[in-house]
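Colleague: Please take a close look at one part of this model for me, a pocket and the residues around it. I would like a connected picture that I can follow on the screen from my bench.

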Amino acid sequence: MPKPFPLMVLTPEREFYNGSAVYVGVNTIAGSIGVLADHVPMVSALDVGTLVIEPDEGTRRTAFHSEGFIEVRPDGVYILAQACEWPEEIDEKRALEAEERAKERISHPDEELNLTTMAHSKVALMRAMTRRRIKSMSTTDTK
């Protein structure tokens, strides 16, 4: 049986999760990682992606996470993200509208569009697409 460890997930607006877990998975800028108890200490920057939390063996919750950091320490795992949302908190209509706006900005750049604006548009597109994917797959989560 996997050994539990303390997990805290924070955003600027709230404490998203604070409890024990036997596994947590996130998307870092270097790729996806999974953390179990006694993982080697590390710090990594997060990319937009999927947050997977297993509070205990056989239970899995999936959520959206945006940019931030993960720190794995001997006393627990700490995730600081700009945003985290459970599937039931995701507004699918709003995510679709954001996706369409970002696609429009990327496909029809105006003369004012610079590299920074293009990068922000690409990140906005990734956030919207990830939210929609997590919302649509939420029916496959086990509770």
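Modeller: What follows starts with the whole chain, goes on to the second largest pocket, and then moves outwards from there.

Happy to help! This is a predicted model, so local features are reported only at pLDDT of at least 70 and side-chain atom pairs only at pLDDT 80 or more, while totals for chains, interfaces and linings use all residues. Residues are numbered from 1 along each chain as its sequence is written, and side-chain values use heavy atoms, with hydrogens and water left out.

To get your bearings, the protein chain has 2 helices and 10 strands (DSSP runs numbered from the N terminus: H or I of at least four residues for helices, E of at least two for strands). Along the sequence the pattern reads β-β-β-β-β-β-β-β-β-β-α-α. Of the 143 residues, 38% count as buried (under 20% relative accessible area; exposed is over 50% and partly exposed in between, with a 1.4 Å probe and protein chains only).

Now to the pocket itself. The second largest pocket holds about 150 Å³ of space (the volume filled by probe spheres set on grid points that are joined across faces, edges and corners). A pocket here is an open set of points on a 1 Å grid over the protein atoms alone where a 1.4 Å probe fits, with protein on both sides within 12 Å along at least five of seven lines; lining residues have an atom within 4 Å of a point. By that rule, 16 residues line this one, and Phe5, Ala37, Asp38, Arg73 and Pro74 lie nearest its centre. Three strands give two or more residues each to the lining: β1 (5-10), β8 (68-73) and β9 (76-81). The lining divides into 10 nonpolar, 2 polar and 4 charged residues (Ala, Val, Leu, Ile, Met, Phe, Trp, Tyr, Cys and Pro are nonpolar, Asp, Glu, Lys and Arg charged, the others, Gly among them, polar).

Asp38 is a good residue to pick out on your screen. This residue is one of those nearest the pocket centre, and Asp38 is found in the loop between β4 and β5. With a relative accessible area of 69%, Asp38 is exposed. Its backbone deserves a look as well: phi of Asp38 is near 65 degrees, a positive value in a residue other than glycine. Most residues other than glycine have a negative phi.

The side chain of Asp38 also has a partner. Lys3 forms a salt bridge with Asp38, with the closest N and O atoms 3.2 Å apart (a salt bridge is a side-chain nitrogen of Lys or Arg within 4 Å of a carboxyl oxygen of Asp or Glu). Lys3 sits in the segment before β1 and Asp38 in the loop between β4 (31-35) and β5, so this pair ties together parts that are 35 residues apart in sequence. Lys3 counts as partly exposed, at 48% relative accessibility.

Arg73 is another of the residues nearest the pocket centre. The side chains of Arg73 and Asp75 meet in a salt bridge, at 3.1 Å from N to O. Both partners are partly exposed: the relative accessible area of Arg73 is 37%, and that of Asp75 is 39%.

These two pairs are among the 5 salt bridges that the structure holds. A further one joins Glu89 and Arg14, whose closest N and O atoms are 2.7 Å apart. This pair links distant parts of the chain, with Glu89 in the loop between β10 (84-85) and α1 and Arg14 in the loop between β1 and β2 (15-21), 75 residues apart. Glu89 is partly exposed at 35% relative accessibility, and Arg14 is likewise partly exposed, at 32%.

For context, set this pocket beside the largest one. The largest pocket has a volume of about 310 Å³. Its lining has 18 residues, of which Arg94, Ala95, Ala98, Arg127 and Arg131 lie nearest the centre. Here the elements that give two or more residues are helices, α1 (92-107) and α2 (115-137), and α1 gives the most, with 6 residues. The lining of the largest pocket divides into 7 nonpolar, 2 polar and 9 charged residues. For the second largest pocket, you will recall, those counts are 10 nonpolar, 2 polar and 4 charged.
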